[in-house]
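This report describes how one protein chain is arranged in space. Please keep the sequence and the structure in view while reading.

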Amino acid sequence: MDRHRRSPWTDSSLSLLARGYAWLPDLRRHHPGPVARARLMGRPAVALHGPEAVRFFYDERHVVRDGALPEPVKSTLFGHGAVHSLDGAVHRLRKAMFLSLLADPDRVRSLVRAVETVWDASVPAWAEQPRVVLLDEAARVLTEGVCRWAGVPLSDGDAEPFARDLVAMVDGFATPGPRHWRGRSARRRREARLARLVNGVREGAVEVPTDCAVAVIARHRDADGELLAPRVAAVELLNVLRPTVAVCWFTAFVGHALHRWPENRDRLAGDDGPYAAAFAQEVRRFYPFAPFVGGRAAADLTFGDEPVGKGTLVLLDLYGQNHDPALWDDPYAFRPDRFLSRPGDLDLLVPQGGGDPATGHRCPGEAVVVGLLETLARRLARLEYTVPDQDLTISLARMIARPSSGFVLEPARPSGPLHAS
């Protein structure tokens with residue numbers, strides 16, 4: 001039997017692990033219609049796709065998160081008790097805390113400036129190194145910048161191991177084996193340290209700015225009026241730090257894009273703000289990041305006249321939607337200009353999920369990601385470097401995907417002004 005035409009009663013978990021980002025688009029391709037059916041981890045699952053599916057998926061009357069996240073994902077990527085696993089009024093109150101930190105334009109600019117400062121201080125030292133692995137160096141820069149902004153104290157030498165742990169949490173959630181166990185260990189280690197920090201702030205033993213992320217999360221009260229348990233507060237603090245540091249993946253993709261399509265470099269290196277924003281969005285659309293998001297059917301539903309039973313695992317295909325020729329002209333071409341002429345649509349471009357960040361589960365830090373990508377892409381375009389022979393393949397079987405080498409530069413030195421206007 002064709003492996004793509006297996007019965008929906010055949011579990012597809014191993015196929016997902018083997019095929020990665022291609023699994024869900026292939027499933028949909030071989031099961032045309034509004035709903036593609038499968039089983040994952042012994043549970044019935046349906047796959048949805050497209051702007052109408054995004055609106056359906058992010059309606060809490062249809063899809064809820066409670067009970068949908070598998071334990072391996074909680075123990076690496078999100079943490080137990082995180083906002084991602086909540087629904088209803090409890091979710092909205094916890095989400096409002098994140099929106100106050102990550103959606104306010106002044107706070108976003110402040111975070112971007114903090115990262116810019118660290119990047120600009122780091123670049124001169126790169127010329128003294130025989131090689132720079134862009135993904136790793138970007139992770140360190142982002143860690144140091146976001147910790148300064150968030151009020152997380154870092155001693156000398158702390159940024160690099162902290163960056164490795166934050167990267168491990170992202171790198172290990174969708175795979176078995178050593179990467180997964182590194183992610184679990186990293187999360188346990190960092191949750192314990194940040195829980196102690198939260199306790200120190202609450203007890204007055206540690207002083208931090210009153211409006212920083214550490215202080216906001218430490219004093220947040222949930223719908224029951226109680227402070228978050230220190231470990232849950234640590235989880236939510238990591239849910240500010242970790243996604244910011246995950247921009248290192250996109251930064252490596254920026255290096256990859258500038259190498260493959262160098263005609264973008266001069267325009268990006270200039271002061272063309274709209275083009276930098278368009279370039280950032282095209283990187284997010286074109287390159288693989290989150291393969292899909294999942295939830296659980298809240299009731300017996302129908303989508304496109306197809307039944308979806310209560311409790312069914314509902315998957316929203318992100319990678320496939322961002323590369324659908326019915327939605328994007330020439331989707332496998334890297335063309336930043338498409339975002340200069342096309343208005344934004346929250347239900348169309350979904351590299352990190354869809355919906356409205358103010359009311360649903362869409363990432364509240366999306367403005368941070370775009371702002372960081374704009375400034376780091378311009379700074380990278382202004383550097384003079386060579387790209388030595390290396391493995392620049394990006395395997396779609398690897399989740400989370402990355403250039404195999406991490407994108408190596410040698411040497412890197414400033415060329416022209418470092419600061420964007």
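A residue is called buried when its relative accessible area is under 20%, exposed when it is over 50%, and partly exposed in between, using a 1.4 Å probe and protein chains only. Asp330 is partly exposed, with a relative accessible area of 42%.

The model is predicted: local features need pLDDT of at least 70, side-chain atom pairs count only at pLDDT 80 or more, and totals for chains, interfaces and linings use all residues. Residues are numbered from 1 along each chain as its sequence is written, and side-chain values use heavy atoms, with hydrogens and water left out.

**Confidence**

The predictor's confidence in each residue is given as pLDDT, on a scale from 0 to 100. For the protein chain the mean pLDDT is 91, and 93% of the residues reach 70 or more. Over residues 1-6, however, pLDDT stays under 50. For this stretch the model has 10 contacts beyond four places in sequence, a contact being heavy atoms within 4.5 Å. Where pLDDT is low, the predicted coordinates should not be read in detail.

**Nonpolar cores**

A nonpolar core is a set of buried Ala, Val, Leu, Ile, Met, Phe, Trp, Tyr and Cys residues joined through side-chain atoms within 4.5 Å. The largest one here has 133 residues, and Trp149, Val152 and Phe279 have the most contacts inside it. Helix H7 (residues 134-150) supplies the largest share of this core, 10 residues. Helices (H or I, at least four residues) and strands (E, at least two) are DSSP runs, numbered from the N terminus. Apart from the largest core lies another, of six residues, which include Leu327, Trp328, Leu348 and Leu349.

Which residues does Trp149 touch, not counting residues up to four places away in sequence? The list consists of Leu101, Leu102, Arg107, Ser110, Leu111, Ala114, Cys212, Ala213 and Val240.

**Helix crossings**

Three pairs of helices are compared in the table. Axes are lines fitted to C-alpha atoms, for helices over the stretch in contact, and angles run from 0 to 180 degrees between N-to-C directions. A crossing is left-handed if the near helix is turned anticlockwise from the far one by less than a right angle, and right-handed if clockwise.

| Helix pair | Axes come within | Crossing angle, roughly | Hand of crossing |
|---|---|---|---|
| H9 and H11 | 8 Å | 110° | right-handed |
| H4 and H9 | 8 Å | 60° | left-handed |
| H7 and H11 | 9 Å | 145° | right-handed |

Angles under 35 degrees count as roughly parallel, over 145 as roughly antiparallel, 65 to 115 as roughly perpendicular and the rest as oblique. The axes of helix H9 (residues 178-203) and helix H11 (residues 230-245) cross at roughly 110°, which makes H9 roughly perpendicular to H11. Their contact involves many residues, among them Arg187, Glu191 and Leu194 of H9 and Ala234, Leu237 and Leu241 of H11.

H4 and H9, by contrast, are oblique to each other. On the H4 side the contact is made by Glu71, Pro72, Lys74, Ser75, Thr76, Leu77 and Phe78, and on the H9 side by His180, Gly183, Arg184 and Arg187. In the third pair, Ala139, Leu142, Thr143, Val146, Trp149 and Ala150 of H7 meet Val240, Leu241, Thr244 and Val245 of H11.

**Two buried valines**

Val369 is found in helix H17 (residues 366-381). Is this residue buried or exposed? Val369 has a relative accessible area of 3% and is therefore buried. Val369 touches Val247, Phe250, Arg284 and Gln352, not counting residues up to four places away in sequence. Val369 and Val245 are 124 residues apart in sequence, and their C-alpha atoms are 9.5 Å apart in space.

Val83 sits in the loop between helix H4 (71-78) and helix H5 (88-102). Val83 counts as buried because its relative accessibility is 7%. From Val83 to Arg231 there are 148 residues in sequence and 13 Å in space, C-alpha to C-alpha.

**Backbone features in loops**

Met41 lies in the loop between strand S1 (36-40) and strand S2 (43-48). Its phi is near 50°, a positive value in a residue other than glycine. With a relative accessible area of 55%, Met41 is exposed.

Asp330 also has a positive phi, near 50°, and belongs to the loop between helix H15 (318-321) and helix H16 (338-341).

Finally, a cis peptide bond joins Met399 and Ile400, with omega about 5°. Ile400 is placed in the loop between strand S9 (383-386) and strand S10 (408-414).
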